[in-house]
Amino acid sequence: MDIFRLNFSFRSPLLFALIVHASVVYAQEEANQSISTFEQSMIDAGLVDIQSIIPDILVELKYSGKDNFVGVDVYGNLEKCYLHKEPALMLARAQQFLKEKYPDYSLLVYDGARPRSVQQILWDTLDAPIDVKPNYVANPSKGSIHNYGSAVDLTIADKNGNPLDMGTGYDHFGALAYPTMEKKMLKEGKLTKGQIAHRKILRSVMTKAGFRGIDSEWWHFNAFPLSVVKSKYSIIE
Ligand SMILES: C[C@@H](N)C(=O)N[C@H](C)C(=O)O
Ligand SMILES: [Zn+2]
């Protein structure tokens with residue numbers, strides 16, 4: 001066997017799969033400690049549990065379980081959603097705006113602060129052309145705004161806690177999830193007026209609170225641009 005061709009090369013699918021597997025196992029071990037290294041580092045960096053500021057907000061961390069596109073629990077026993085205080089206060093305003101207009105609804109948060117080690121797993125797992133990939137998962141070498149505790153993935157839940165129909169599920173990586181494609185999708189009969197109306201409620205409360213959405217994911221909102229979070233906060237490794 002030509003060992004030199006395997007050596008440190010991602011051209012070998014076997015080696016690549018082994019490295020991804022090892023990093024998933026490592027992240028799971030880290031996360032499974034009673035208070036995970038992730039959680040402790042976020043607390044140490046001054047991030048806050050959003051439910052300590054917004055007691056009525058719903059949280060279901062999708063990466064803390066297998067119901068996510070990795071198919072693996074990459075957060076272990078991390079069940080709480082952390083954000084820096086300023087984004088958390090902005091989120092509290094968004095929940096307040098939602099409740100004022102729709103008292104039965106609540107924001108339902110799927111993800112907030114996310115360590116870069118987990119970002120790397122998401123990046124390695126997503127099988128997409130390199131030029132398309134950053135639309136769906138930020139490149140860990142540049143950092144995601146999630147890695148700075150300043151982005152949130154979320155939807156709206158009804159009075160029973162069930163998510164409203166947004167036309168796709170969380171982490172549907174494709175045109176159907178693009179806010180910029182909604183008119184086209186409506187015309188083609190791929191989204192309904194009701195689904196778009198639900199997305200508009202989410203966008204309206206989030207943007208009123210100061211968040212900015214992105215073109216490719218209806219669920220993702222940034223409190224500040226990447227350049228700003230890099231100057232304000234340290235990355236969560
Ligand atoms: C992976 C997805 N939930 C997400 O958060 N994507 C954005 C673009 C990110 O990784 O920052
Ligand atoms: Zn996101």
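Helix H5 covers residues 85-101, and its 17 residues should span 24 Å at 1.5 Å a residue. In this predicted model, the end C-alpha atoms of H5 sit 25 Å apart, which agrees with that figure. H5 is one of 9 helices in a chain that also has 7 strands. Here's a quick tour, starting with that helix and moving on to the surroundings of ligand 1.

**Helix H5 and its two sides**

- The buried residues of H5 are Pro87, Ala88, Met90, Leu91, Ala94, Gln95 and Leu98.
- They take up an arc of only 160 degrees around the axis, so they end up on the same side of H5.
- Turn to the face pointing away from that buried side, and you'll find the exposed residues Lys85 and Glu100.
- What do the buried residues of H5 pack against? Their partners include three strands you can look up by number: E1 (48-49), E3 (82-83) and E4 (106-111).
- Strand E5 (151-157) is on that list too, along with helices H4 (50-53) and H8 (193-208).

**The chain as a whole**

- The chain has 237 residues, and 37% of them are buried.
- Take the contacts between residues at least 6 apart in sequence: 73% of these join residues at least 24 apart.

**Around ligand 1**

- Which residues surround ligand 1? Going along the chain, they are Leu122, Tyr136, Val137, Ala138, Ser144, Ile145, His146, Ala151, Asp153, Asp171, Glu217 and His220.
- Sorted by character, that shell splits into 6 nonpolar, 3 polar and 3 charged residues.
- Leu122, part of the shell, is also one of the buried residues of helix H6.

**Positions with a UniProt annotation**

- An unreviewed UniProt entry puts its "active site" annotation on Glu217.
- Glu217 sits in the loop between strand E6 (212-213) and strand E7 (220-222).
- Is Glu217 buried or exposed? Glu217 counts as buried because it has 20 C-beta neighbours inside 10 Å, and 20 is where the buried class begins.
- Under "binding site", UniProt (unreviewed entry) lists His146, Asp153 and His220.
- These three are spread over 75 residues of sequence, yet they cluster in space, with a largest C-alpha distance of 9.7 Å.
- The residues with these annotations, Glu217 and His146, Asp153 and His220, also appear in the shell around ligand 1.

**A closer look at Asp153 and His220**

- Asp153 lies in strand E5, one of the elements that the buried side of H5 packs against.
- Asp153 is buried, since 21 other C-beta atoms lie within 10 Å.
- Leaving out residues up to four places away in sequence, Asp153 touches Tyr110, Asp111, Tyr170, Trp219 and His220.
- His220 belongs to strand E7 and is buried as well, because it has 27 other C-beta atoms within 10 Å.
- With residues up to four places away in sequence left out again, His220 touches Ala151, Asp153, Gly213 and Ile214.

**Asp171 and its backbone**

- Asp171 is another member of the ligand 1 shell, and its place is in the loop between E5 and helix H7 (182-187).
- Most residues other than glycine have a negative phi.
- Asp171 has a phi near 60 degrees, a positive value in a residue that isn't glycine.
- With 22 other C-beta atoms within 10 Å, Asp171 is buried.

**Two more helices with a buried face**

- Helix H3 (residues 37-44) has the buried residues Phe38, Glu39 and Met42.
- Looking down the axis of H3, they fall within an arc of 95 degrees, so they line one face of the helix.
- Gln40 and Asp44 are exposed on the other side of H3.
- Just after H3 comes Gly46, with a positive phi of about 90 degrees.
- Helix H6 (residues 116-125) has Val118, Gln119, Ile121 and Leu122 as its buried residues.
- Seen down the axis of H6, these occupy an arc of 160 degrees and so line one face of the helix.

**One loop residue to check**

- Thr192 is in the loop between H7 and H8.
- Thr192 is partly exposed, because 13 other C-beta atoms lie within 10 Å.
- Thr192 and Asp165 are 27 residues apart along the chain, and 9.8 Å separates their C-alpha atoms.

Methods:
Residues are numbered from 1 along each chain as its sequence is written. Chains are lettered from A and ligands numbered from 1 in the order in which they are written. This is a predicted model: local features need pLDDT of at least 70, side-chain atom pairs count only at pLDDT 80 or more; totals for chains, interfaces and linings use all residues. A residue is near a molecule or strand if its C-beta atom, placed from the backbone, lies within 6 Å of it. Ala, Val, Leu, Ile, Met, Phe, Trp, Tyr, Cys and Pro count as nonpolar, Asp, Glu, Lys and Arg as charged, and the others, Gly among them, as polar. UniProt positions are given in the numbering used here, feature names are shortened, and annotations may be inferred rather than shown by experiment. Helices (H or I, at least four residues) and strands (E, at least two) are DSSP runs, numbered from the N terminus. A residue is buried if 20 or more other C-beta atoms lie within 10 Å of its own, exposed if 12 or fewer, and partly exposed in between; C-beta atoms are placed from the backbone. Two residues are in contact if their C-beta atoms, placed from the backbone, lie within 7 Å. The expected span of a helix is 1.5 Å times one less than its number of residues. The arc is that of the directions from the helix axis to the C-beta atoms.
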